[in-house]
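Reader: I am new to this structure and would like a close look at one part of it, the interior. Please go through it slowly, and explain each term when it first comes up.

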Amino acid sequence: MALFGNAHTVDPAKAQQDYARLLGQGEQVHAAFLLIRDTILFTDRRLLLVDKQGITGKKVEYHSVPYRSITHFAVETAGTFDLDAELKIWISGSAAPVQKTFTKGVDIYEVQAILTQFVTR
């Protein structure tokens, strides 16, 4: 699964409120990023990908990835001519990584630190 587009940060408290129906009891959103229409949430239990589909975006797929299923991940920092940073996450059982593109307004090192915190538990 590949997700493309530029991302920016979302207040975790707002994401907690907006996606409360998807969260388990006591589950907390630690970080959230909004793509053009899609969202990625880093909770204390899992990575949650919200994929809006179709022209209207009324159809939505919610993809839940337990951190223990992440086999490895990579970040690519922005360059001189390529101003976007990229995050790739490999999930066990899937050959293709989940890909996220972040604008220079998002600190890709912070995203890496969040993943490291949860994946290495």
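Author: A useful term to begin with is the salt bridge, which is a side-chain nitrogen of Lys or Arg within 4 Å of a carboxyl oxygen of Asp or Glu. The model is a predicted one, in which local features need pLDDT of at least 70 and side-chain atom pairs count only at pLDDT 80 or more, while totals for chains, interfaces and linings use all residues. Residues are numbered from 1 along each chain as its sequence is written, and side-chain values use heavy atoms, with hydrogens and water left out.

A search of the whole structure finds two salt bridges. One of them joins R46 to E27, with 2.8 Å between the closest N and O atoms. This pair links distant parts of the chain, since R46 lies in strand β4 and E27 in the loop between α1 and β2, 19 residues apart; helices (H or I, at least four residues) and strands (E, at least two) are DSSP runs, numbered from the N terminus. Both R46 and E27 are buried, a word that stands for under 20% relative accessible area, with exposed meaning over 50% and partly exposed the range in between (1.4 Å probe, protein chains only).

The other salt bridge brings together the side chains of D18 and K14, at 2.9 Å from N to O. D18 and K14 are separated by about one helical turn because they are four residues apart in helix α1 (residues 12–18). With a relative accessible area of 44%, D18 is partly exposed, and K14, at 45%, is partly exposed as well.

To place the interior within the whole, it helps to have the layout of the chain in mind. The protein chain has two helices and eight strands, and along the sequence they follow the pattern β-α-β-β-β-β-β-β-β-α. Of its 121 residues, 37% count as buried.

The nonpolar part of the interior comes next. In soluble globular proteins, nonpolar side chains tend to be buried together. A nonpolar core is a set of buried Ala, Val, Leu, Ile, Met, Phe, Trp, Tyr and Cys residues joined through side-chain atoms within 4.5 Å. The largest such core here has 21 residues, and those with the most contacts inside it are F33, F42, L47, I89 and V111. Two or more residues come to this core from each of β2 (29–34), β3 (39–43), β4 (46–53), β7 (85–91), β8 and α2. The element that gives the most is α2, with five residues. A second, separate core has eight residues, including A15, Y19, L23 and V29.

I89 offers a closer view of such surroundings. Once its neighbours within four places in sequence are left aside, I89 is in contact (heavy atoms within 4.5 Å) with L47, I70, H72, F73, P97, V98 and L115.

Some rings in the structure also pair. Rings of Phe, Tyr and Trp (its six-membered ring) form a pair if their centres lie within 6.5 Å, and planes under 30 degrees apart count as stacked, over 60 as edge-to-face and the rest as tilted. The structure holds two aromatic pairs. F33 and F42 make an edge-to-face pair, 6.0 Å from centre to centre and with 90° between the planes. F33 counts as buried because its relative accessibility is 1%, and F42 counts as buried because its value is 0%.

The other aromatic pair, Y67 with F118, is stacked, with centres 4.8 Å apart and 10° between the planes. It joins distant parts of the chain, for Y67 is in the loop between β5 (59–66) and β6 (70–76) whereas F118 is in helix α2 (residues 108–119), 51 residues apart. Y67 counts as buried at 5% relative accessibility, and F118 at 2%.

Two further buried residues complete this view. T101, in strand β8 (residues 98–102), is buried with a relative accessible area of 13%. T101 and L35 are 66 residues apart in sequence, yet 8.5 Å apart in space from C-alpha to C-alpha. D38, whose place is in the loop between β2 and β3, is buried with a relative accessible area of 11%. A polar atom of the side chain of D38 lies 2.8 Å from the backbone nitrogen of K52.

Notes
A polar contact is a pair of N or O atoms within 3.5 Å; within protein, one must be able to donate a hydrogen and the other to accept it, and residues adjacent in sequence count only if both atoms are side-chain atoms.
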